[in-house]
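Trainee: I would like to learn how to read the features of a model like this one. Could we go through them together, starting with charged side chains?

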Amino acid sequence: MFRSPSPNASFFALVVLVSVAFIWLVLPWYGSVLWAVILALLFRPLQVWLERRFGGRRSLAALVSVAACICIVVIPGVVILGALAREASALTTSISSREFDPAALLDQVRAALPPAARRALSALNLGDFGDVQSGVTSFLETASQTIATRAFTITQGTAQLFVSFGVMLYLLFFLFRDGPALAATIRRASPLSDRHTEKLIEEFEAVMRATVKGNIIIALIQGTIGGLAFAALDIGAALLWGVLMAVLSLVPAVGASLVWLPVALYLLISGQVMRGVALMLVGMLVISLIDNFLRPPLVGKGTRLPDYLVLISTVGGLTLVGVNGFVVGPLIAALFVAVWALYMHDRSSDGGLTPPPSSGP
């Protein structure tokens, strides 16, 4: 699997030490590096097309590609975050002024419950809904304040965020311009054999494209449909809930239902049956079906990972490294599967692993 190491062990140790030090140095900006690589892979076809149109002038093509990324990704993202900050700030004000009172809403829900359900809640010491009311109110107020603060910070721009965007765009330019040469350098420098290096690079690119394109497409579709449904049903802060559904759709299996399902149940219990049924139908027949139909071909098949492994790796990545985890998690899982597949193949080829007997005649 590995090439023959250099006979100079001290130099090899120095290479490892310097590499670890460089990774430690770059680690605070890993998000910028990660998204520069992601955008370079996603917009690579545009860069290739521009190079042909500009007669092989790679620098000019890279500059136009970076401008396209800014127009297609960065500017719309900042506009949406600005609107999100306004809606989250308005929701925080409504909760603080009791214009929107979650405790009163929960009291209405409790009053609409049948007697048997109220007795069951009393048996669980939830009959007065006191703890639930205070918990829900505190959670909504804290969450809306956090969303408003972070979205406002991003749209206004702090020094660190400004530098992060600058690093990402600067690196993106060179990845567009020198991407093939960098990939060739990585292949030559890899301590793995040529076959293993090619396999892992191919797996990396496939997972990166499938995970990002698949998740982003699913998130945009689900968030847009959910937000439009909330707006059509006159549910407040529709953009906020739509963005939240888009973010939660990154989690397979449950995703956007964590938003629309509780709202639909509340509408049904509080007597707004038509609105509740309409939202339930949109959620089950449109939003959930989009996830069930699009996620396997866009994410699962592109990464060649089973659905359960996509779910576990995505949730684990989101837990460990935040929003970047929806890329990092499946990437690590796919590389794990690829490395072990190569290892088992090598052992089988060397006679160290006996293949299972054929079940055929």
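Mentor: Happily! Take R177, which forms a salt bridge with D178, their closest N and O atoms being 3.1 Å apart. Keep in mind that this is a predicted model.

Trainee: What is the general idea behind such a pair?

Mentor: Side chains of opposite charge can pair when their charged atoms come close. In this structure, R177 is partly exposed, because its relative accessible area is 24%.

Trainee: Which residue besides R177 forms a salt bridge with D178?

Mentor: That is R58, and the closest N and O atoms of R58 and D178 are 3.3 Å apart. This pair links distant parts of the chain, since D178 lies in helix α8 (residues 159-189) and R58 in helix α4, 120 residues apart. R58 has a relative accessible area of 40%, so R58 is partly exposed. Put together, R58, R177 and D178 are linked in a network of salt bridges.

Trainee: How many salt bridges does the count come to?

Mentor: The count comes to 3. Another of them joins E198 and R187, with the closest N and O atoms 2.6 Å apart. Here too the pair links distant parts of the chain: E198 sits in helix α9 and R187 in helix α8, 11 residues apart. E198 counts as partly exposed because its relative accessibility is 37%; R187, at 27%, is partly exposed as well.

Trainee: Now a polar residue, S65. Is S65 buried or exposed?

Mentor: Buried means under 20% relative accessible area. S65 has a value of 0%, so S65 is buried. The residue is placed in helix α4 (residues 58-96).

Trainee: What does the side chain of S65 make a polar contact with?

Mentor: With the side chain of Q47, at 2.8 Å. Setting aside neighbours within four places in sequence, S65 is in contact with L46, Q47, L50 and F176.

Trainee: Let's turn to the nonpolar interior. Which residues have the most contacts inside the largest nonpolar core?

Mentor: They are F230, I235, M245, W260 and L279, in a core of 15 residues. Helices α9, α10, α11 and α12 each supply at least two residues of this core, and α11 gives the most, with 4 residues. L279 shows how to read one member: not counting residues up to four places away in sequence, L279 touches A229, F230, L233, I235, W260, V263, A264 and L267. A second, separate core has 13 residues, including V207, V212, A246 and L250.

Trainee: And outside? Which helix gives the most to the nonpolar patch on the surface?

Mentor: Helix α12 does, with 8 residues. Both α11 (257-269) and α12 (273-303) supply at least two residues each. Among the patch members are L261, L265, V277 and F293, and the patch has about 960 Å² of accessible area together. L265, found in helix α11, counts as partly exposed because its relative accessibility is 40%.

Trainee: What about backbone angles: where is D234?

Mentor: D234 is in the loop between α9 (194-232) and α10 (238-248). Its phi is near 60°, a positive value in a residue other than glycine. D234 has 66% relative accessibility, so D234 counts as exposed.

Trainee: Finally, how many helices and strands does the protein chain have?

Mentor: There are 14 helices and 0 strands. Buried residues make up 32% of the 361 residues. Among contacts with a separation of 6 or more, 72% come from residues 24 or more positions apart. The chain exposes about 20,800 Å², with carbon and sulfur atoms supplying 71% of that area.

Definitions and conventions
Residues are numbered from 1 along each chain as its sequence is written. This is a predicted model: local features need pLDDT of at least 70, side-chain atom pairs count only at pLDDT 80 or more; totals for chains, interfaces and linings use all residues. Side-chain values use heavy atoms; hydrogens and water are left out. Buried means under 20% relative accessible area, exposed over 50%, partly exposed in between (1.4 Å probe, protein chains only). A polar contact is a pair of N or O atoms within 3.5 Å; within protein, one must be able to donate a hydrogen and the other to accept it, and residues adjacent in sequence count only if both atoms are side-chain atoms. Contact means heavy atoms within 4.5 Å. Patches are made of residues with over 30% relative accessible area and no salt bridge: like charges are joined within 9 Å, nonpolar side chains (Val, Leu, Ile, Met, Phe, Trp, Tyr) within 5 Å. Accessible areas come from the Shrake-Rupley method with a 1.4 Å probe; for residues, only the protein chains shown count as cover. A salt bridge is a side-chain nitrogen of Lys or Arg within 4 Å of a carboxyl oxygen of Asp or Glu. A nonpolar core is a set of buried Ala, Val, Leu, Ile, Met, Phe, Trp, Tyr and Cys residues joined through side-chain atoms within 4.5 Å.
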